[in-house]
Amino acid sequence: MTKQAKYKALAGQFIRAIEAGEYQGGQPLPSLRQLSALNQVSMTTALASYRYLESLGIITADPKRGFFVNLEHNPASDIRHAQFTAQVRPLPATPPPRLRSGLATAQLDPALIDAQTLRASLTRTMKSNHTLFNYGDPLGEISLRQALVSHMKTQGFVLNEQDLIITQGCLDAVKTALELTTKEGEVIAVPSPCYTGLLDTLSVMGRQVMEIPCNQDGIDLVQMEHAMAGQQIAACLLSANFQNPTGHCLSAKQKQALARMARQYQIPVIEDDVYRELSHDGTPPLPVKHFDNDGWVLWCSSISKTLAPGLRLGWCAPGRFYNRYSDLVRVRSLGCNRPLQLALADYIGRGHYTRYLKKLNRMLALQCDQYIQMLTSQLPKNTQINRPKGGLVLWFELPNVDTKQLQAQLVEEHIYILCGDAFSTTDLYHRYVRLNFGQCLSAEVESQLTRFAQVVEQYLCQKPDKNIS
Ligand SMILES: Cc1ncc(COP(=O)(O)O)c(C=O)c1O
């Protein structure tokens, strides 16, 4: 870690501890000597971190007595999101193994999926089309592209079926977009924290990342513009709607600004929009693509989060990159599974998808509330869980808990959560966890959540945070 990253990470620990109420206004902080010994950093780094907190108005320095939490500091109004200066960072050549199960995976409970109606579409398709088992259009069945654009038109998002290319899920769409807009070794801007699957994709493709900090309003567009203007990045990869893991959405104004920046600096924006239709109030927000008049946005999505990840169907509207994108898709795979595409076209075309999404979002809104209620009643009092307005995951901080260790401890009991470290190349999130609330709150899930809270509690009793006190 660079010196700059070190002092900011150290400052971040204090910000979180102060926010969690572990330090009160006026309370003294560890001396520089203590801070440096406890965290195994140099005195210079320790001092830089206090100076940084001072510049944020969080602490004050008394030349004779040391450093104190600022009396006027109001934690409630301050940083809930790690703030830092974006830097280029390499990714591991081989992504670490990821947990994919239970509370750790962002996925719907099978009981929520409209399986019966989907099966009927599959059966109907299998019976009806005599060319079903021939090659189809490598860019995707026209009936599916038409069904998708008609469906999105009802949400105020207008595309042409000729704009869309069908892919094997969203990550496949993103990977192709990255392949044709960036080269090995180049830097891609991503939000911090960022979905593990995107980090892993970038990692296997040999790209570097520049994590751009997020705040409650979404991604820090000032830093993003700075990176674009300085041509420090080859592309930007983000989700503007119900981002995984934070759940934030960019406002329409920010989406417009991002589309403008992409055009102005001629830097492609790869928009991963898999959660857009999981808007708990039933009204899906518009993507950045909607504001893109010049084709610099490559809009990628799928039905994996909303309907059936097992079908492996997604799409991309690659804008000005359409010709090169279609060449790549055509040459590589000769298209996706034809019967499944036709069945999905049947399902969407008959209006089932729209009806199902309405019901699903009502259920998810309820489930999200139930999870939060259950967790807040059992977790330590200083745990704050923000309620996302859409998506499938909760992202929250457990002050004083190293969530990597917590995750490892829970795996032994077959309880799977994802620790914050998985979502970043930095160490800013090691007290965060991400939980999927897509599973219905069965007795088994309830007991897992209860056990999760018990282990957190035990953890707090056994392991006071050495770094902070
Ligand atoms: C932001 C994001 N993009 C893409 C995916 C994967 O999408 P697909 O299964 O369609 O490839 C996920 C799955 O968790 C995700 O969270």
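## A walk from a loop to a domain interface

Start by selecting F242, which sits in the loop between β8 and α9. Keep in mind as you go that this is a predicted model. Look at the backbone here: F242 is not a glycine, yet its phi is positive, at about 50°.

Stay in this part of the chain and pick P245, which belongs to the loop between β8 (235-238) and α9 (252-265). Is the peptide bond from N244 to P245 cis or trans? Turn the view to see that it is cis, with omega near 15°.

Next, go to P193, in the loop that runs between β5 (187-192) and α7 (196-204). Here too you will find a cis peptide bond, this one from S192 to P193, with omega near 0°.

**The ligand**

Now show the ligand and the residues around it: G169, C170, L171, Y195, N244, D272, V274, Y275, S302, S304, K305 and R312. N244, whose bond to P245 you have just looked at, is one of them. Which atoms of C170 should you display? Show the backbone, because a polar contact is a pair of N or O atoms within 3.5 Å, and a backbone N or O atom of C170 lies 2.7 Å from an oxygen atom of the ligand. Then turn on the side chains of two others. S304 has a polar side-chain atom 2.6 Å from a ligand oxygen atom, and for Y195 the distance from a polar side-chain atom to an oxygen atom of the ligand is 3.4 Å.

**Zooming out to the domains**

Colour the chain by its domain assignment: domain 1 (3-79), domain 2 (95-108 + 355-462) and domain 3 (131-353). Between domain 2 and domain 3, 30 residues of the former and 32 residues of the latter take part in the contact. Taken over C-alpha atoms, the centres of these two domains are 26 Å apart.

How much area do domain 2 and domain 3 bury between them? The figure is about 2600 Å², with 55% of it on carbon and sulfur atoms. Select R355, L357 and F423 to see the three residues that supply 23% of the area domain 2 buries against domain 3, more than any other three.

If you search for salt bridges between domain 2 and domain 3, the count is zero. Polar contacts are another matter: 20 residue pairs make them across this interface. On the domain 2 side, highlight α12 (352-378) and β12 (393-397), the elements that each give two or more residues. α12 gives the most, with eight residues. To finish, colour that side by residue type: 18 are nonpolar, seven polar and five charged.

Notes: Residues numbered from 1 in each chain as written. Predicted model: local features only at pLDDT ≥ 70, side-chain atom pairs only at ≥ 80, totals over all residues. Heavy atoms only, no water. Domains from an automatic or database assignment. Contact = heavy atoms within 4.5 Å. Buried area = accessible area lost by both parts, 1.4 Å probe. Salt bridge = Lys/Arg side-chain N within 4 Å of Asp/Glu carboxyl O. Polar contact = N/O pair within 3.5 Å; in protein donor to acceptor, adjacent residues only side chain to side chain. Helix = DSSP H or I, 4+ residues; strand = E, 2+ residues; numbered from the N terminus. Nonpolar A, V, L, I, M, F, W, Y, C, P; charged D, E, K, R; others polar. Near = heavy atom within 4 Å.
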